[in-house]
Amino acid sequence: MSQQQPPPPAPPGGTPAAGSAPAAGDLTDQLIATSIWTDEMVAGAGIPIIDVPLTSVGGGIGSFVLADVLRIAGMPAGSMRALGQADRPWDTYAYLASVSQIPEPERLRSDAGSTPDNIWGFPSFAVREAFGARSLTGFIAPLFQVLVEPILTDYYTPPAGHVYSGMQREADRIGWWNMVDKGQVRMIRRRAGGGYFTILTPPAGTSATKRVAYRSLHVHTAVGYPGVRFLRDLQEYREKHQDFTRVVNAYEPHEHVYQELRKRPGTVVVRGSGIVGSRILQRLIDDREHHGAQTTIIHLFRNFVDGPQGKSIFMRRPGADGFAYQGFNFPKAAWGGQLKNRLERSGPEERKELIAQMGGTNTPKRKLWQQQLAKGRREGYYRTHVGTVTEVYPGDDGTVVTRIDTADGVLEVAANYIVDATGLQADIGEHRVLNDLLEHGGAGRNAVGRLDVEPSFEVRGTRSGEGRIYASGSSTLGGYYAGVDSFLGLQYAALQIADDLASQRFVKKIGPVRSTLQWWKWAFNRKVSS
Amino acid sequence: MTPTLFGRIQTRIFLVAVVGSLWTLLITPVLPGGGDDGVPYAMTFSILLVVGVAGIVWEFVYHALQQFRWEKDWPTLLSLVTGINEGLLAWLIVAAGFAPGIDDGVPLAAFLVHFITTWLVIFLYANGPMRVPFLRWRYRGGRLV
């Protein structure tokens with residue numbers, strides 16, 4: 001559900017009322033102010049009520065992956081409604097990936113076994129890529145790469161388009177398209193007597209009332225990031241000078257930067273040394289190498305990693321040239337090995353520390369990127385500076401000047417463009433639904449400041465009678481599992497939630513027999529029974 | 001894979017006892033070097049037992065080596081090439097007469113074919129199909145129980 005900006009106010013829908021009286025079927029002041037609603041309060045406001053056992057707020061990959069696991073665990077398609085704005089669950093992801101320079105043919109930062117279209121991780125994307133190949137080298141290359149990764153080659157990572165088409169097939173198979181209601185979720189409130197109300201604002205003109213209430217026993221949220229994060233100095237510059245052309249965020253459309261730089265030589269300042277920074281650098285250098293651009297790249301680092309980090313040889317992350325290197329956003333064992341165990345055993349503060357140590361800003365050490373940057377350094381078109389930016393202001397000839405406090409004094413860098421590649425807004429308080437859950441739903445924050453969840457991904461403090469609220473995805477970072485913001489993390493969360501629901505007899509527990517039988521169905525693309 | 005020590009041991013026991021045994025049942029009758037009567041099952045299962053027991057000791061070594069890796073993972077290639085050291089040790093144990101129930105030695109050809117094919121079958125099974133019945137296995141560092 002994350003977009004370029006925090007969710008806009010609910011679109012006008014239904015019949016807007018004149019004067020101060022709320023429109024038919026709209027939220028009343030009483031509802032907004034009350035944390036626990038009765039059926040009568042909702043009905044009294046004229047909001048139609050739809051009964052469904054489980055709602056999933058978001059409608060993105062997190063909702064989809066949960067639906068997939070639950071359908072395989074025997075849940076009828078009619079028992080869950082996914083509520084969100086996207087047409088397809090991967091739309092927001094694909095949009096963000098695409099603008100941050102991973103269009104469909106390019107490869108993601110995700111391993112072969114992280115398969116959001118297949119709960120088992122088998123066959124992996126590498127095996128599927130091999131069997132989909134039309135040449136012998138096309139067949140051998142991905143298999144060889146997964147065999148020797150990461151020792152002799154980079155980690156295998158799937159092309160973005162393969163992941164999307166895989167999810168399309170699985171969505172068709174599990175009957176996903178009939179499990180979705182479009183609209184913007186406004187809030188989740190506890191219901192007197194147990195369960196919850198989820199308030200949806202359907203798209204204008206599609207519903208007789210402005211709001212629709214879903215009355216469910218359980219709720220799942222997987223809302224993604226609240227928006228794009230801007231560095232404060234860049235945000236100030238943009239607002240003060242109303243310049244959204246020269247100072248751009250990597251997660252917003254900024255193709256004009258590359259097009260312009262192909263036409264005439266220019267200078268770009270890149271901020272951020274994570275995966276997105278790497279992608280931006282690659283695009284800029286690709287354009288130099290293949291399209292004749294004459295771009296000079298100034299890469300600004302706040303923290304320059306000049307070597308391996310970590311005091312103990314048993315916990316030392318590779319690093320060089322400013323970058324901290326690891327294959328994925330956390331070390332691999334955080335998803336299912338020693339590091340996962342260690343996190344599960346830790347207390348809240350220790351978890352926070354461990355997550356900071358394992359995560360933070362990092363990027364994979366890919367051969368292509370190493371070669372490109374080494375060449376750029378040699379030929380002088382890739383330069384780095386380390387320091388703290390104190391101000392960004394307009395310069396001469398349509399440039400933007402960045403003033404930096406460095407160890408050697410103040411430095412001023414004039415550039416044609418500045419690309420902010422520092423990431424997405426992660427403060428859950430910026431998300432309307434999560435903020436409401438914090439204020440009215442009994443939810444709390446963990447040591448990292450995000451949603452406090454149990455190992456089962458149940459949101460602590462939100463129980464309502466027999467009903468439970470679960471959360472998965474980036475909003476839950478800081479809990480018992482580090483890799484929440486990844487395909488595999490979403491799948492793990494979904495499995496934990498499914499197991500918790502199975503213990504309440506909501507679905508069947510997926511044991512070895514069901515797992516195997518369902519895998520056969522997957523392999524032959526047989527529909528999951530409704 | 002991202003195994004824990006207990007995960008390694010459990011997975012090892014399962015793979016040798018179930019996958020290795022099934023493969024040994026199939027391959028033993030066609031192993032070379034057994035003369036007219038063929039290679040006896042007692043011999044191949046004894047070798048399998050050696051591989052299983054020595055393997056548990058090896059897992060401690062691998063786990064110690066894994067501690068030097070930042071990712072705390074065990075790359076696929078390593079789980080393939082460790083067949084070399086494990087095969088050598090297993091052969092030495094068998095040749096030295098420490099394998100139970102084998103008194104007159106083992107034909108080298110039979111040992112090689114049996115060991116290499118079993119290793120490959122286990123490797124291929126563990127790197128894919130294992131996940132089908134054991135959905136949670138990959139999240140649990142290889143623990144089955």
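Helices (H or I, at least four residues) and strands (E, at least two) are DSSP runs, numbered from the N terminus. This is a predicted model, in which local features need pLDDT of at least 70, side-chain atom pairs count only at pLDDT 80 or more, and totals for chains, interfaces and linings use all residues. Residues are numbered from 1 along each chain as its sequence is written, chains are lettered from A and ligands numbered from 1 in the order in which they are written, and side-chain values use heavy atoms, with hydrogens and water left out.

**View 1. Two cis peptide bonds precede prolines of chain A: Pro123(A) and Pro150(A).** The bond from Phe122(A) to Pro123(A) is cis, with omega near -5 degrees. Pro123(A) lies in the loop between helix 4 (91-99) and helix 5 (125-131) of chain A. Glu149(A) and Pro150(A) are also joined by a cis bond, with omega about -15 degrees. Pro150(A) sits in the loop between helix 6 and helix 7 (160-174) of chain A.

**View 2. Asp397(A) has a positive phi.** Its phi is about 55 degrees, although Asp397(A) is not a glycine. The residue is found in the loop between strand 17 (388-394) and strand 18 (400-406) of chain A.

**View 3. Chain A meets chain B.** Contact means heavy atoms within 4.5 Å. By that rule, 47 residues of chain A touch 29 residues of chain B. The buried area is about 3,100 Å², and carbon and sulfur atoms give 61% of it. Buried area is the accessible area (1.4 Å probe) that two parts lose on being put together, summed over both. On the side of chain A, Leu147(A), Phe314(A) and Gln338(A) lose the most area to chain B, together 19% of what that side buries.

**View 4. Arg136(B) and Asp499(A) form a salt bridge across the interface.** A salt bridge is a side-chain nitrogen of Lys or Arg within 4 Å of a carboxyl oxygen of Asp or Glu. Here the N to O distance is 2.8 Å. The count between chain A and chain B is 1 salt bridge. Helix 15 (487-503) is one of the helices of chain A that each supply at least two residues of the side touching chain B. Helix 15 gives the largest share of that side, 5 residues.

**View 5. Glu252(A) pairs with Arg238(A) in a salt bridge.** Their closest N and O atoms are 2.7 Å apart. The pair links distant parts of the chain, 14 residues apart. Glu252(A) is in the loop between strand 11 (247-249) and helix 9 (255-263), and Arg238(A) is in helix 8 (residues 232-241). Over all chains, the whole structure holds 38 salt bridges.

**View 6. The largest cavity has a volume of about 70 Å³.** On a 1 Å grid over the protein atoms alone, a cavity is a set of points where a 1.4 Å probe fits but cannot get out; lining residues have an atom within 4 Å of a point. Grid points are joined across faces, edges and corners, and a volume is the space filled by probe spheres set on the points. There are 4 cavities of 30 Å³ or more. The lining of the largest includes Ser278(A), Phe323(A), Tyr325(A) and Trp369(A). Helix 13 of chain A supplies the largest share of this lining, 3 residues.

Key. 1 Å grid on protein atoms, 1.4 Å probe; cavity = no way out; pocket = protein on both sides within 12 Å on 5 of 7 lines; lining within 4 Å.
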